[in-house]
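Grab a pencil and work through these exercises at your own pace. Try each task yourself before you read the solution below it.

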Amino acid sequence: MEVKSIVAYQGPNIHAHFPVIRYTIDLGVLEEWPTGRLGQGFIDCLLGYLPGLRQHGCSYKAPGGFVRRMCEGEGTWLGHVMEHVAIELQKVAGSDVSFGKTRAAGPCGHYDIVYEYLDEDVGRQAGDLSLALLEHLFPEDLKLKLKPERNSDDEFDFEHELDEFIRYARSCDAGPSTAALVSAAMKRAIPCTRLNRGSLIRLGCGRFQKSIKASLTSETRQIAVDLASDKGETNRILRDAGLPVPRQRKVYSARDAVHSAEQIGYPVVIKPLDSNHGQGVSVQVTTSEQVELAFERAQEYSEAVLVESYIPGSDYRMLVVNDQLLAVARRIPAHVLGDGVHTIEELVEEVNKDPRRGVGHENVLTRVELDGMAERFLADKGYGPATVPEPGEIVYLCATANLSTGGTAIDVTDSVHPDNRAMAVRAIRAIGLDVGGADFITTDISASYRETGGAMCEVNACPGLRMHLAPAEGMPRDVAGPIIDMLFPPGAPSTIPIASITGTNGKTTTSRMLAHIMKVAGYTVGLGTTDGIYVDGLLTVKGDMTGMTSARMILADPAVDAAVLETARGGLLRRGLGYPECSVAGCLNVTADHLGLRGVETVEQMAEVKRIVIEVAKEMAVLNADDALCLKMADHSHANRLGYVTMNAAHPLVNEHVQAGGVAVVLEEQINGHMVCLWDSGHRFPLLWTHVIPATVHGLALHNVQNAMFAAALAHGLGIDLESIRRGLRTFDNTFLQTPGRLNIYDQHPFRVILDYAHNPAAVKTMCGLVDRLGAERAKIVSLTVPGDRRDEDILEIGRVAAGHFEHYICHRDSDSRGRDHLEVPEMLRESLRKNGVGAEQIEVIADEQTANQSALEMAGPGDLLLLLSEDYTRAWEQIVRFRPNPQTGHAIDSRPIPAKIRLDDLGGFEWDSSSMEIIRDERGVRLAREIED
């Protein structure tokens, strides 16, 4: 089975609204070998290896359905089997996944195998292991046919591979504490993003985000963590607060340790100053020789060593969160119970058979290890691994009761005396922790420490939660929920407003319009577009930022309190959406563009891709009622409200929607012009005349009228007030600084120049219509191009659309030909123009884009209108601005090379950095980018 491609989608995608992996495979000759032909032996062996497959319902929606599919008739194909095996492997490794589907993909024998995953690396390994297992199970004659040179020494050991896979999957899991906190956050609809292979999790997004690392939170003070890590300093602080602590001294030599032990009085405890998990701790030390040995063990972990008085009693962990005692657990050190027959080593093996025990923190309990520390502890008692304890004898294997060393916990929360509760809260508050674990030793937790004595031996930052979540005995306690409630009190926001904008044309302009409106309304907006990422109007990352990565960058920015995300089909097809849901979403239109790429062959398939953002919109989905493909998306919306945009005031569906109290933005024709009106709950709200929106060129740029209507509808869906919407649209223009490459008009030459990044038939048709409405005193000229990765029919269609609208055509290619020959695209445009009535004398082919644009500028004279369609619109705009026509003839007198930095005289002498498209400074050296935008 040949793997053609593997794609891991990390958010909502064309297959599901959650992360899935897609394997595209070619079965080749195996297309002729469904499970029926492979035989019952193949099926039985597969079920023997993975008996859980018997529970898969498949299309029958009941346990046994998948087995039925394999056995009935000719059976099912191997791609489908791989899907179920990949899911089951993940389930065996501990991932709760169930979704999968397999579909034919193009040529015969090609299949898309899609299945759910929780961890991408684990999901990929599950896919690879499933392929290896299926090939291992093929009959011998088939194996020889597929691989005659197969080496019998390379036999596949599935049991070993499965064990390795499970170990790897477990190593990728977050620990019990982190998992519990993530679960509690998700129950509260708080987004969770894992930031590393460990336990670092971001909760929420934008300026409302918080972080956790196990029970350590972003609100935990570093100084409190440092204090808790210093056992000597902790002891001093608690003692000064009047809390019970053992007598303690810090020493750096064995001699001082012996002297301190004699001063404190035997028995004593010897422990490192700043270790954890009970490492290097010796308890009930009673002689100077034992002190010296214990000191050497402690110094393996810390240069400074503590000698403190031994406090008799049991070890209790008291968990305090936000000044509230949530849970108390009695901790019992790792031990075995003698039976008079088995050795300590054999008893440890028996204890580790408990399914609750695992490696490290992966399970509720940790495996008991007979390591060097345990053997030394036993040796101090005169025991060894081969010792056979008496029946009923409890043999402890370490000095401390940490769960990480195999200890167990018994919940005693309900029996804690009120004085002891108050003591624990005071201790954690004295150190300054928001989440802390106090280790208290006493003979009776139900009696006040004032009567029974006892002492607080340690305070722990980032305390483990699993002993409280799943104690070995007693009631489990929900300690994760209160931690999340502390970070995000009920009613407090955890997410920022997110607007997702898609469509074939107009996405960038609409996104910029909406971001501008929200800025006017007082938001710090993170904007992702094809030009880059902007935070509060300033460019932070340059490039095409319309995919998953850029969305996550914006949502992770703590300065951002609203996100406007241009969402292109490329990012959706590559990795999916970068977030699980958005507040509002809009689809402007769906037309022929990028067809034939990444498996999208028709506009209907393209609509399915762009529909993803509509499907995950939570508050409002806004659709173009004048586009049939957009209208069909309404059936797939789960948003609280549905809004429509229409240029047709008589649209029957929109009128019916408005009468029912729905939201719509409608273009209404009146005596004085065209008015953009908002309808909501049966009320009509006039917004503004189209001719007062600068970006619409006095209302003539109808596509920008529609873009402004979408921006208004989306802003309304986000709760922006009408006055801010009006002010935003009235102050948004189509200058290059505000919308580079989108309807940028330059009127400082004797002729008018329009620069635009129209790159598909619909966009070129729109620009041609605008040129016709604007008119020209003399001639209209176009510098025409198409990206090389478009289909031949799309390139020819652009030529057809442009024909008849200009007096002269200069055809060129983009800077990046995208696999086409040097002159292929411009020659195809010439051919199409000629077939559609354009005279040969009207057409000029110049391969290089910069040369073509320069030629067009030099050709233009007073009163002409020049349309430049350019992919590298930054360079093209520099050409336009730098061009110097003859004041008498209007033709070029200056064609010097364009410098990296130029002075724009028409902007008052500002210096402009062409690499970042920012105004740098004026003649006084003052930064003006923000002022110019305002």
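## Warm-up: the whole chain

Of the contacts in the chain between residues at least 6 apart in sequence, 64% join residues at least 24 apart. Keep in mind that you're looking at a predicted model.

**Exercise 1.** Describe the chain as a whole: how many helices and strands does the chain have, and what share of its residues is buried?

*Solution.*
- Step 1: Start with the secondary structure, which comes to 32 helices and 43 strands.
- Step 2: Now look at burial. The chain has 934 residues, and 55% of them are buried.
- Step 3: For the outside, the chain exposes about 38,900 Å², with carbon and sulfur atoms supplying 49% of that area.
- Step 4: To get a feel for the dimensions, picture a box of roughly 110 × 80 × 60 Å along the principal axes; the C-alpha atoms fill it.

## Rings

**Exercise 2.** Classify the aromatic pair formed by Y49 and F158: what are its distance and angle?

*Solution.*
- Step 1: The structure holds 9 aromatic pairs in total.
- Step 2: In the pair of Y49 and F158, the ring centres are 4.9 Å apart and the planes make an angle of 55°.
- Step 3: Planes under 30 degrees apart would be stacked and those over 60 edge-to-face, so the rest are called tilted. The Y49 and F158 pair is tilted.
- Step 4: Find the two rings along the chain. Y49 belongs to helix 2 (residues 40-49) and F158 to helix 7 (residues 158-172), which puts them 109 residues apart, so this pair links distant parts of the chain.
- Step 5: Check how covered each partner is. Y49 has a relative accessible area of 26%, so Y49 is partly exposed. F158 comes to 1%, so F158 is buried.
- Step 6: Widen the view: ring pairs tie Y49, F156 and F158 together in a cluster.

**Exercise 3.** Find two arginines that lie over ring faces: which rings do R37 and R68 cover?

*Solution.*
- Step 1: R37 sits over the face of W33, 3.9 Å from the ring centre.
- Step 2: R68 does so over the face of Y60, where the distance to the ring centre is 3.9 Å.

## Salt bridges

**Exercise 4.** Compare where the partners of three salt bridges sit along the chain, starting with D121 and R197.

*Solution.*
- Step 1: Recall the general idea: side chains of opposite charge can pair when their charged atoms come close.
- Step 2: The whole structure has 42 salt bridges. One of them joins D121 and R197, at 3.9 Å from N to O.
- Step 3: D121 is in helix 5 (residues 120-137), while R197 is in the loop between strand 5 (192-194) and strand 6 (200-203); with their positions 76 residues apart, the pair links distant parts of the chain. D121 is partly exposed at 32% relative accessibility, and R197 is partly exposed at 44%.
- Step 4: Next comes E140 with K143, a salt bridge of 3.6 Å from N to O. Both lie in helix 6 (residues 140-146), 3 residues apart, or about one turn of the helix. Here E140 is partly exposed at 46%, but K143 is buried at 10%.
- Step 5: Finally, E723 and R726 meet at 3.7 Å, N to O. They're 3 residues apart in helix 26 (residues 722-730), so about one helical turn separates them. E723 is partly exposed at 44%, and R726 is partly exposed at 21%.

**Exercise 5.** Which residues are linked with D315 in a network of salt bridges?

*Solution.* The network links D315 with R317, R331 and D439.

## Two helices up close

**Exercise 6.** Test whether the span of helix 25 agrees with its number of residues.

*Solution.*
- Step 1: Helix 25 (residues 702-717) has 16 residues.
- Step 2: At 1.5 Å a residue, the expected span is 22 Å.
- Step 3: The end C-alpha atoms are 23 Å apart, which agrees.
- Step 4: For its surroundings, note that 14 of the 16 residues in helix 25 are buried, so the helix is mostly covered. After helix 25 comes G719, with a positive phi near 85°.

**Exercise 7.** Is S724 buried or exposed, and which residues does S724 contact beyond its sequence neighbours?

*Solution.*
- Step 1: S724 is part of helix 26.
- Step 2: Its relative accessible area is 6%; the cut-off for buried is under 20%, so S724 is buried.
- Step 3: Set aside the neighbours within four places in sequence, and S724 is in contact with I517, V520 and A521.

Key:
Residues numbered from 1 in each chain as written. Predicted model: local features only at pLDDT ≥ 70, side-chain atom pairs only at ≥ 80, totals over all residues. Heavy atoms only, no water. Phe/Tyr/Trp six-rings, centres within 6.5 Å; stacked < 30°, edge-to-face > 60°. Helix = DSSP H or I, 4+ residues; strand = E, 2+ residues; numbered from the N terminus. Buried < 20%, exposed > 50% of the residue type's maximum accessible area, 1.4 Å probe, protein only. Lys NZ or Arg CZ within 6 Å of the ring centre and 35° of its normal. Salt bridge = Lys/Arg side-chain N within 4 Å of Asp/Glu carboxyl O. Expected span 1.5 Å × (residues − 1). Contact = heavy atoms within 4.5 Å. Areas by Shrake-Rupley, 256 points an atom, 1.4 Å probe, with all protein chains shown as cover.
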